[in-house]
Amino acid sequence: LQSCEYGRKSGRDDCGDAASRKALLLERSNPHAAYSAWLVAVQRGQSPRTQARALVRAATLAEELESKQRARELAWQCVESFPD
């Protein structure tokens, strides 16, 4: 993730994958940090599939963290950005 922050890209979706792995590891122990990591995966991911999955996970966590409005916004963003 550190190399992603400085703009280095390898051509694959390493940044989106790394942010997703971090978020998965944090989900049980620190849902707030996991939520933030999912949003990083949306921003840094190069694959539409990675970005869509990250948006869904972020929306799910937002709902669990009692932020219903934000959860709806993220879910709708996923529908609009990745209709497939």
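Start with Arg70 and Glu73, whose side chains form a salt bridge, with nitrogen and oxygen 3.3 Å apart. Both residues sit in helix H5 and are three positions apart, which means that about one helical turn separates them. Keep in mind that you're looking at a predicted model. Neither partner is buried or fully out in the open: Arg70 is partly exposed at 30% relative accessible area, and Glu73 is partly exposed at 38%.

A search of the whole structure turns up two salt bridges. The other one joins the side chains of Glu27 and Arg57, at 2.6 Å from N to O. Here Glu27 belongs to the loop between H2 and H3 while Arg57 belongs to helix H4, so this pair ties together parts of the chain that lie 30 residues apart in sequence. Arg57 is partly exposed too, with a relative accessible area of 32%.

Now zoom out to the fold. The protein has five helices and zero strands, so to speak an α-α-α-α-α pattern when you read along the sequence. Of its 84 residues, 33% count as buried. Among contacts with a separation of 6 or more, 44% are between residues 24 or more positions apart. The accessible surface comes to about 5,700 Å², and carbon and sulfur atoms account for 49% of that.

What about the inside? In soluble globular proteins, nonpolar side chains tend to be buried together. In this model, the largest nonpolar core has 18 residues, and Tyr35, Trp38 and Leu74 have the most contacts inside it. Helices H2 (14-26), H3 (31-44), H4 and H5 each give two or more residues to this core. H4 supplies the largest share, with seven residues.

Leu74 is a handy place to put your camera. Leaving out residues up to four places away in sequence, Leu74 touches Tyr35, Leu39, Leu55, Ala58, Ala59 and Ala62.

Next, follow H3, the helix that carries Tyr35 and Trp38. H3 has 14 residues, and the distance from its first C-alpha to its last is 20 Å, close to the 20 Å expected at 1.5 Å a residue. Its buried residues are Ala34, Tyr35, Ala37, Trp38, Ala41 and Val42. Looking down the helix axis, these buried residues fall within an arc of 165°, so they line one face of H3. His32 and Gln43, on the other side of H3, are exposed. The cover over the buried residues of H3 includes H2, H4 and H5.

H2 passes the geometry check as well. Its 13 residues should span 18 Å at 1.5 Å a residue, and its end C-alpha atoms are indeed 18 Å apart. On this helix the buried residues are Cys15, Gly16, Ala18, Ala19, Ser20 and Ala23.

One last stop for anyone who likes backbone torsions: Glu66. This residue has a positive phi of about 70° although it is not a glycine. Where does Glu66 lie? Glu66 lies in the loop between helix H4 (48-64) and helix H5 (68-81). With a relative accessibility of 61%, Glu66 counts as exposed, because the cut-off for that label is over 50%.

Definitions and conventions: Residues numbered from 1 in each chain as written. Predicted model: local features only at pLDDT ≥ 70, side-chain atom pairs only at ≥ 80, totals over all residues. Heavy atoms only, no water. Helix = DSSP H or I, 4+ residues; strand = E, 2+ residues; numbered from the N terminus. Buried < 20%, exposed > 50% of the residue type's maximum accessible area, 1.4 Å probe, protein only. Contact = heavy atoms within 4.5 Å. Areas by Shrake-Rupley, 256 points an atom, 1.4 Å probe, with all protein chains shown as cover. Core = buried A, V, L, I, M, F, W, Y, C linked by side-chain atoms within 4.5 Å. Salt bridge = Lys/Arg side-chain N within 4 Å of Asp/Glu carboxyl O. Expected span 1.5 Å × (residues − 1). Arc of directions from axis to C-beta.
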